[in-house]
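Student: I've got a new model open. Let's go through it quickly.
Tutor: Fine. Pull it up and ask away.

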2 protein chains.
Amino acid sequence: MRGSLVIAGLGPGNDALITPEVQDALDRATDIVGYIPYVARIAARPGLTLHPSDNRVEIDRSRLALDMACNGRQVVVVSSGDPSVFAMASAVFEAVEHGEPDWRDLDIQVLPGITAMLAASAACGAPLGHDFCAINLSDNLKPWDLIEKRLRLAGEADFAMAFYNPRSKSRPEGFAKALKTLQDTCNDARPIIFARNVSRPDQTINIVPLTEATPDMADMRTVVLLGSSRTRIIQRNGTPFVYTPRSVEG
Amino acid sequence: MRGSLVIAGLGPGNDALITPEVQDALDRATDIVGYIPYVARIAARPGLTLHPSDNRVEIDRSRLALDMACNGRQVVVVSSGDPSVFAMASAVFEAVEHGEPDWRDLDIQVLPGITAMLAASAACGAPLGHDFCAINLSDNLKPWDLIEKRLRLAGEADFAMAFYNPRSKSRPEGFAKALKTLQDTCNDARPIIFARNVSRPDQTINIVPLTEATPDMADMRTVVLLGSSRTRIIQRNGTPFVYTPRSVEG
């Protein structure tokens, strides 16, 4: 049987957000490859081998998956959220570009998933309801100057914004610098949303004015959303709704 | 029975991209509200009333849905893609903010969906694999100058970009102007992807250098993706893969 490689998005954590297309690929797989906590979401069954691996070994993991697919296995690389959005799809294609010539002609498919920023946006209303950008705040793979530049230009463009990987143990100071840049650039009290464990039973949504945001409000399980200058809060009994209007006028 | 309002994303067209969470809401609905072609995706059944409406009546549609929910109905407003991304969620919250006080305390939930740009990115590799922005090119609700400004700043930030509503019959010239701005700002031959009817049986993916893109390559059924300056093409037998590396170095 000819091998195949599927790069599948499991969504942000709630299994009710896994698309039937992805579930079907998982059901037909012989091998599941991915970061330990994502592989742990897949139930064991006869004929399925699980290959969990640690963080920061994305290229090794991709090469393992490509090699198995070349040897006739039905391999699924699992990503949290959507595989395109700061996840495994780019790593696999990097491995393809710089790897064995045979890998280019493999049957490789990317299956989209619900990415964390859209689950977080849904959880509090529609803060990403107008033009927006998504920025990875990790400086593992890009210089901090570029992150700063993108934050300033995104503020100038008046995008709503989503931030992935705001903070980790190895980079405790980065998010403090990012917040300072955003506070200086935006210079107003627009809402910023800290969505932790989004879509899971222990989800928390913390909405504060940008002027009052502090670095400790985010950790590695948080996706952060920032409104544009036009983002609105609707007060009500319970958690308010936050949304960005479709129109820039009125 | 207490009424409720769910704003649900149906994904870009293929029913295998509808999440179980959304399917469950559709199965429990008494009333489905939305734009004609999206409501047409929902099968009729006893106890379910379909309320299709035309384009550009988003606020009226929202008010109808809110009013029915206030009267005890289980209402689902359907959007294509994800409800937050240039779709119905913002319209409903606009109606809530400016409407009846009772509407604020309704049980309103947004359920995320697979948005077109992520399905298009998956269909050709991972062109949105690094920092990116999403811009609606329709100038129905914002001035063209703001679109131009965002395009220039997004180019300066070196974001990958996704463009929704690139072209319609009523705005034939807008996309030509946008392309010209992008060609001037980016000033290179990075790939631009025209993904039409994404996820449907008649999906087409057209990848061309930005320098050779022409306005007629997009229509109202197309989502357009533009790489960053670092986006790569992997040539192979068949359609090439396009991806944006995770790293900005090397």
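Student: A:Arg246 first. Buried or exposed?
Tutor: Buried, with a relative accessible area of 17%. The scale, with a 1.4 Å probe and protein chains only: buried is under 20% relative accessible area, exposed is over 50%, and partly exposed is in between.

Student: What should I know before trusting this?
Tutor: The model is predicted: local features need pLDDT of at least 70, side-chain atom pairs count only at pLDDT 80 or more, and totals for chains, interfaces and linings use all residues. Residues are numbered from 1 along each chain as its sequence is written, chains are lettered from A and ligands numbered from 1 in the order in which they are written, and side-chain values use heavy atoms, with hydrogens and water left out.

Student: Back to A:Arg246. Which residue does it form a salt bridge with?
Tutor: B:Glu94, with the closest N and O atoms 3.0 Å apart. B:Glu94 sits in helix α4 (residues 88-98) of chain B and A:Arg246 in the segment after β13 (241-243) of chain A, so the pair joins two chains. Helices (H or I, at least four residues) and strands (E, at least two) are DSSP runs, numbered from the N terminus. B:Glu94 is buried too, at 13%.

Student: What counts as a salt bridge?
Tutor: A side-chain nitrogen of Lys or Arg within 4 Å of a carboxyl oxygen of Asp or Glu. That gives 26 over all chains.

Student: Which residues share a network?
Tutor: A:Glu58, A:Glu94 and B:Arg246 are linked in a network of salt bridges.

Student: What does B:Asp131 bridge to?
Tutor: A:Lys142, with 2.4 Å between the closest N and O atoms. This pair crosses between chains: B:Asp131 is in the loop between β6 (125-126) and β7 (132-136) of chain B, A:Lys142 in the loop between β7 (132-136) and α6 (144-156) of chain A. B:Asp131 and A:Lys142 are both buried.

Student: And A:Asp31, which partner there?
Tutor: A:Arg73, at 2.6 Å between the closest N and O atoms. The pair links distant parts of the chain, 42 residues apart: A:Asp31 in strand β2 (residues 31-35) of chain A, A:Arg73 in the loop between α3 (58-70) and β4 (74-79) of chain A. A:Asp31 is buried at 2%, while A:Arg73 is partly exposed at 33%.

Student: Switching to sheets. What is the strand order in the three-strand open one?
Tutor: β6-β13-β12 in chain A, with mixed pairing. Its edge strands are β6 (125-126) and β12 (232-234) of chain A, each pairing on one side only. Two strands pair if DSSP finds at least two bridges between them.

Student: How many bridges join β12(A) to β13(A)?
Tutor: Three, and the strands run antiparallel. A:Ile233 has A:Val242 in β13(A) as its bridge partner.

Student: Which helix packs on that sheet?
Tutor: α4(B), touching β6, β12 and β13 of chain A, with contact meaning heavy atoms within 4.5 Å. Its direction makes about 120° with that of β13(A). Axes are lines fitted to C-alpha atoms, for helices over the stretch in contact, and angles run from 0 to 180 degrees between N-to-C directions.

Student: Last topic, cysteines. How many disulfides?
Tutor: Zero over all chains, taking a disulfide as a pair of cysteine sulfur atoms within 2.5 Å. For B:Cys124, the nearest cysteine sulfur is that of B:Cys133, 16 Å away. B:Cys124 is buried, at 2%.
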